[in-house]
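Work through the exercises below with the sequence and the structure at hand. Each task is followed by its solution in steps.

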Amino acid sequence: TLFPYTTLFRSRSGRTAYGGLRPTDASFTSAALIALNAAVWIAVLVTGGNSSKILDWLVLRPNGLCSVRGVPVFGTTGLSCPRGSTLDPGVADGAYWQLVTSMFTHVELWHIGFNMLALWVLGPQLELAIGRARFLALYFVSGLAGSALVMFFGPQYSGTLGASGAIFGLLGALAVVAFKVGGDVRGILTWIGIN
């Protein structure tokens, strides 16, 4: 060839416009996330719903609290509880897993229903635009950002749960992609309003 560096300027095949690998099935990742959310939801329901001990370990609680038969006992700090009470751990007590597990935990049918419907409808479109690895990274980073907001601004002893932080991150990213390509963002804004 006359110019040996032309290969540097060719577009990479099999890549999305944003550099991610083009997925063969763009709905697979969304379906896997929905299945994981549904499995956790079923586990919580089977073990007692709102009064489930699993729920106490999965929800995001900035500070732990002691409870007697499900009734919170305030005024305690750290990992020690009065005799006859149990600890519902919080992130400040070392329950760091709650920053992630809370984004897969739901109790109410309408809550998981709206979140998973949004994930099912909008997730494959975003995965097709940015690729599977970036889609998953965006889901987790958005969920962790939601957890960080709860840690800073949420109630101190109250538990927070749901995939809403991750879903809002996906909605925001899809709005940015649609805006960047000159698409109609009204549908995405409608989803944001519904959620």
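The model is predicted.

**Exercise 1.** Classify Lys53 as buried, partly exposed or exposed, and find its salt-bridge partner.

*Solution.*
Step 1. Lys53 has a relative accessible area of 40%. Buried means under 20% and exposed over 50%, so Lys53 is partly exposed.
Step 2. The salt-bridge partner of Lys53 is Asp56, with the closest N and O atoms 3.4 Å apart.
Step 3. Both residues belong to helix 2 (residues 53–58), and because they are three residues apart there, about one helical turn separates them. An α-helix has 3.6 residues a turn, so residues three or four places apart point the same way.
Step 4. Asp56 has 15% relative accessibility and therefore counts as buried.

**Exercise 2.** Find which other residue forms a salt bridge with Asp56, and name the network.

*Solution.*
Step 1. Arg61 forms a salt bridge with Asp56, at 3.8 Å between the closest N and O atoms.
Step 2. At 7% relative accessibility, Arg61 is buried.
Step 3. A further salt bridge pairs Arg132 with Glu127, whose closest N and O atoms are 2.9 Å apart. Arg132 is partly exposed at 28%, while Glu127 is buried at 0%.
Step 4. Salt bridges with shared partners join Lys53, Asp56, Arg61 and Asp88 into one network.

**Exercise 3.** Describe the course of helix 4 (residues 109–130) and what comes just after helix 4.

*Solution.*
Step 1. Helix 4 has 22 residues, and its first and last C-alpha atoms are 30 Å apart, close to the expected 32 Å.
Step 2. At Leu122 helix 4 bends by about 40°, and Pro124 follows within four residues.
Step 3. Gly131, just after helix 4, has a positive phi of about 95°.

**Exercise 4.** Decide whether the ring pair of Phe104 and Tyr139 is stacked, tilted or edge-to-face, then extend the cluster.

*Solution.*
Step 1. The whole structure holds four aromatic pairs.
Step 2. The ring centres of Phe104 and Tyr139 are 6.0 Å apart and the planes meet at 40°, so this pair is tilted.
Step 3. Phe104 is in the loop between helix 3 (98–101) and helix 4, and Tyr139 is in helix 5, so the pair ties together parts 35 residues apart in sequence.
Step 4. Tyr139 also pairs with Phe140, edge-to-face, at 5.8 Å between centres and 80° between planes.
Step 5. Ring pairs thus link Phe104, Tyr139 and Phe140 into a cluster.

**Exercise 5.** Find which residues make the nonpolar surface patch.

*Solution.*
Step 1. Val100, Leu136, Phe140 and Leu144 make a patch of about 270 Å².
Step 2. Helix 5 (residues 132–153) gives the most, with three residues.
Step 3. Two of the patch residues are partly exposed: Phe140 at 31% and Leu144 at 39%.

Terms used
Residues numbered from 1 in each chain as written. Predicted model: local features only at pLDDT ≥ 70, side-chain atom pairs only at ≥ 80, totals over all residues. Heavy atoms only, no water. Helix = DSSP H or I, 4+ residues; strand = E, 2+ residues; numbered from the N terminus. Expected span 1.5 Å × (residues − 1). Bend = angle between axes of the 7 residues up to and from the residue. Patch = residues over 30% accessible without salt bridge, like charges linked within 9 Å, V, L, I, M, F, W, Y side chains within 5 Å. Areas by Shrake-Rupley, 256 points an atom, 1.4 Å probe, with all protein chains shown as cover. Salt bridge = Lys/Arg side-chain N within 4 Å of Asp/Glu carboxyl O. Buried < 20%, exposed > 50% of the residue type's maximum accessible area, 1.4 Å probe, protein only. Phe/Tyr/Trp six-rings, centres within 6.5 Å; stacked < 30°, edge-to-face > 60°.
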